[in-house]
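Colleague: I should like to go through this structure with you, one question at a time. Please explain each step as you would to a student in the first year.

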Amino acid sequence: MQPRNMSMSGVVDLAAVKAAGEAKQKAEQARADAAEGHGAPAPAGLVIEVSEATFEAEVLQRSAEVPVVIDFWAEWCEPCKQLSPVLERVTQEYAGRVLLAKIDVDQNQMLMQQFGVQGIPAVFAVVAGQALPLFQGAAPEQQIRATLDQLIEVAEQRFGITGLQGVPQEPAQEEPVEPEAPEDPVLAAAQQALDAGDLSGAIQAYRNKLTDEPANVEAKVGLAMAELLARVQELDARQARKDAADRPGDAAAQLRVADLDMAGGHVEDAFSRLVDTVRGSAGEDRDAARVRLLELFEVIGPEDPRVVTARAALARALF
């Protein structure tokens, strides 16, 4: 999914002189401690689970010495399962220039509300105690790295925060591990194509897998995701939303905006728009909205409570 790029325009307002000065002093002290061999965390400590009880110590206080990236996620969230491993790996590779705090929204509703999270995955940053939105929805690795590079630059230039010093790269696994099941070559090729932005290649690969294994869940989710990305990549979001507002009875216009909402992580908005379109249309338009809604259910997964709710709403709209 395409993320909503973070805006750095608000950083100047957030960075009060006093806060920036205090953050810089703490950052300099942290660097001095690291130079003396104190306080450098192990690589595993770069990715931490955070709760409402530990948020102040693990996020707010540590943000005075290193930018803390927050990953709001949930176990039932399929896009989260794609985004989180990439965030974790990139964080380890940045070797102390950022920390990653993972927050389970099901267990930490108050934090979710305080940050104004409307859909997951959602990624924020905290620098010197100041919160910044980064993006919402899954994002390609190249875009994640560009966003983190920008965050690191702002943290250093505006707050004097340069991260943790002397943190080694995560060491290679030396202990023997149980052999993993052989990787499916078709699914691997589909994922590689998806990561490379070759959406047509990914779509074809997933379709090939489903031809052989119609019930393969990974292929179903991957195909739904790839087709969604292919539909939205050429859309002019502003024009699409204007068309939908100007022509509420135009089913095709409503489908385009539903795709944009889903790609941006606004899952409930996408589902609600499509249910309303099913309810207010007939014939081919109604069927197109129904099919699109079912396709978007695949992106999120059948166990997601938003899918359960929307499926019930769809049934009521149809019958």
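Modeller: The questions below concern salt bridges and the largest pocket of a predicted model.

Colleague: How many salt bridges does the structure hold?

Modeller: Side chains of opposite charge can pair when their charged atoms come close. To be counted here, a side-chain nitrogen of Lys or Arg must lie within 4 Å of a carboxyl oxygen of Asp or Glu. The number of salt bridges in the structure is 22.

Colleague: Which residue forms a salt bridge with Lys242?

Modeller: The partner lies in helix α10, which spans residues 237-246 and also holds Lys242. The two are four residues apart, about one turn of the helix. Their closest N and O atoms are 2.7 Å apart, and the partner of Lys242 is Asp246.

Colleague: Is Lys81 buried, partly exposed or exposed?

Modeller: Lys81 shares a salt bridge with Glu78, at 3.5 Å from N to O. Both belong to helix α4 (residues 78-93), and because they are three residues apart there, about one helical turn separates them. Buried would require a relative accessible area under 20%, and exposed one over 50%. Lys81 has 42% relative accessibility, so it counts as partly exposed.

Colleague: How far apart in sequence are the parts tied together by Asp259 and Arg292?

Modeller: Asp259 and Arg292 form a salt bridge, with 2.8 Å between the closest N and O atoms. Asp259 belongs to helix α11 (residues 251-263) and Arg292 to helix α13 (residues 283-300), so the pair ties together parts whose separation in sequence is 33 residues.

Colleague: Is Asp259 buried or exposed?

Modeller: The cut-off for buried is a relative accessible area under 20%. Arg292, its salt-bridge partner, has 15% and is buried. Asp259 has 2% relative accessibility and therefore also counts as buried.

Colleague: Which residues are linked with Arg89 in a network of salt bridges?

Modeller: A salt bridge joins Lys or Arg to Asp or Glu. The network contains Arg89 and Arg145 together with two Glu residues. The residues linked with Arg89 are thus Glu93, Glu141 and Arg145.

Colleague: Which helix gives the most to the lining of the largest pocket?

Modeller: The largest pocket has a volume of about 810 Å³ and a lining of 32 residues. Helices α4, α7 (185-195), α8 (199-212) and α9 (217-232) each supply at least two residues of that lining. The helix that gives the most, with eight residues, is α9.

Colleague: How many residues in the lining of the largest pocket are nonpolar?

Modeller: Among the lining residues, Gln82, Gln191, Leu194, Asp195 and Met225 lie nearest the centre of the pocket. By class, the lining has seven polar and eight charged residues, and the number of nonpolar residues is 17.

Terms used. Residues are numbered from 1 along each chain as its sequence is written. This is a predicted model: local features need pLDDT of at least 70, side-chain atom pairs count only at pLDDT 80 or more; totals for chains, interfaces and linings use all residues. Side-chain values use heavy atoms; hydrogens and water are left out. Buried means under 20% relative accessible area, exposed over 50%, partly exposed in between (1.4 Å probe, protein chains only). On a 1 Å grid over the protein atoms alone, a cavity is a set of points where a 1.4 Å probe fits but cannot get out, and a pocket is an open set with protein on both sides within 12 Å along at least five of seven lines; lining residues have an atom within 4 Å of a point. Grid points are joined across faces, edges and corners, and a volume is the space filled by probe spheres set on the points. Ala, Val, Leu, Ile, Met, Phe, Trp, Tyr, Cys and Pro count as nonpolar, Asp, Glu, Lys and Arg as charged, and the others, Gly among them, as polar.
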